[in-house]
Amino acid sequence: MAEKDGRDLSVTSRLTRKELLSLYRQMQLIRRFEEKTAEMYQRGRIAGFCHLYIGEEAVAVGLEHVLTNKDYVIDAYRDHGYAIARGMDPKQVMAELYGRSDGVARGRGGSMHMYSRELKFFGGDAIVGGQIAVSTGLGFAVKYRQEDAVVVCAFGDGAVNEGTFHEGLNLASLWNLPIVFICENNEFGMGTAVSRASSFVDLSKRALGYNMRIDKVNGMDVLAVIEVIDRAVRYVKSEQRPTFIEARTYRFRGHSMSDPQRYRTREDVATWRERDPIKRLQQRMIDAGQAAEEDFKAIRSEIEQQVKDIVAFAEDSPKPPLDRLTEFAFADYKAPDQ
């Protein structure tokens, strides 16, 4: 980080107008993608489990602004936003939601299993906390191969009560693995409030039990996320130690598309919507004289057309043929001669 007169200059203070508008565009694209996903799900074009990222966009977008293509990312089942932020083609993401052959997993994974080896994006993990164990293995591989990279493992607040959370953090700390653990605390594990599931609501303190550096961030502010992630990545690389971040955020929709949301009030959701990360960045840029409403309107118009093209691509993508159903599921095997 650059310094002047002995003081650090914040990372985000050096962001250009172009970079700030790019952050806005990425968050807006994820938002409209997810809103269209909800629409197509309700129309019966998408089936199965489906968990939307609406409201939490600042975390994935801020994270990816800091990371490089050398780094690894793995997250939970609320993964469409992460996949797009990581650089996955939104058309292929939507095709995967449709279960079509042009999807990122050829239509076999669906909503919760986005994956790209080329982008070093390892999910999409449908098992609560399952990605924490996988990230520990990834971190071990990075250290073993002496790669100049970090592993970022994102998970929800519901995962901190899983055994794999404690096992993963313990080994990561014990073996000094280059991992940034980031807990997206959106207040609810499915329909259960954190206060009813955890003996204390300051989830970052869980990592103290594993001798791990901790940090917190407002997950509704993309610039705050960038600052904290940048600090975390530099720490992991310089100290060769894992770190833990709690991002306080909120999902504007239910846990999944089948969630009636009876566990929270409309007033609570409305209060959090006032903290919308997209509107927050827009207003900040307008107040600073860095952009005008016309700039954001043009971006939204462009994205509307892009989302139409995304859906059209998924609609036109062929369904996987039934005779390929077992492809990638079984390996050809012959028993050795006795």
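## A walk through the rings, a lone charge and the cysteines

Start with the aromatic side chains: the structure holds 11 aromatic pairs. Here, rings of Phe, Tyr and Trp (its six-membered ring) pair if their centres lie within 6.5 Å; planes under 30 degrees apart count as stacked, over 60 as edge-to-face and the rest as tilted. Select Y250 and W272: their ring centres are 4.7 Å apart and their planes are at 5°, so this pair is stacked. Y250 is in the loop between β9 (243-248) and α9 (266-273), while W272 is in helix α9, so the pair ties together parts that are 22 residues apart in sequence. (Helices are DSSP runs of H or I with at least four residues, strands are runs of E with at least two, and both are numbered from the N terminus.)

Before you go on, a quick word about what's on your screen. This is a predicted model, where local features need pLDDT of at least 70 and side-chain atom pairs count only at pLDDT 80 or more, while totals for chains, interfaces and linings use all residues. Residues are numbered from 1 along each chain as its sequence is written, and side-chain values use heavy atoms, leaving out hydrogens and water.

Stay with W272 and add R275, which lies over the face of W272 at 4.3 Å from the ring centre. To count as over a ring, NZ of Lys or CZ of Arg must be within 6 Å of the ring centre and within 35 degrees of the ring normal. Now hop to F200: the charged end of R206 sits over that ring, 5.4 Å from its centre. Next, pick Y72, Y115 and F122, which ring pairs link into a cluster.

Time for E34, in helix α1 (residues 17-42). Which side chain of opposite charge is nearest to E34? That's R78, 7.1 Å away, and E34 is buried yet has no salt bridge. Buried means under 20% relative accessible area, exposed over 50%, and partly exposed in between (1.4 Å probe, protein chains only). A salt bridge needs a side-chain nitrogen of Lys or Arg within 4 Å of a carboxyl oxygen of Asp or Glu.

Jump to A60 in helix α2 (residues 57-66). A60 is buried, with a relative accessible area of 0%.

Last stop, the cysteines. How many disulfides does a search of the whole structure find? Zero, where a disulfide is a pair of cysteine sulfur atoms within 2.5 Å. Select C183: its sulfur is 10 Å from the closest cysteine sulfur, in C153, too far for a bond. C183 is also buried, at 0% relative accessibility.

Conventions. Lys, Arg positive; Asp, Glu negative; His and termini not counted.
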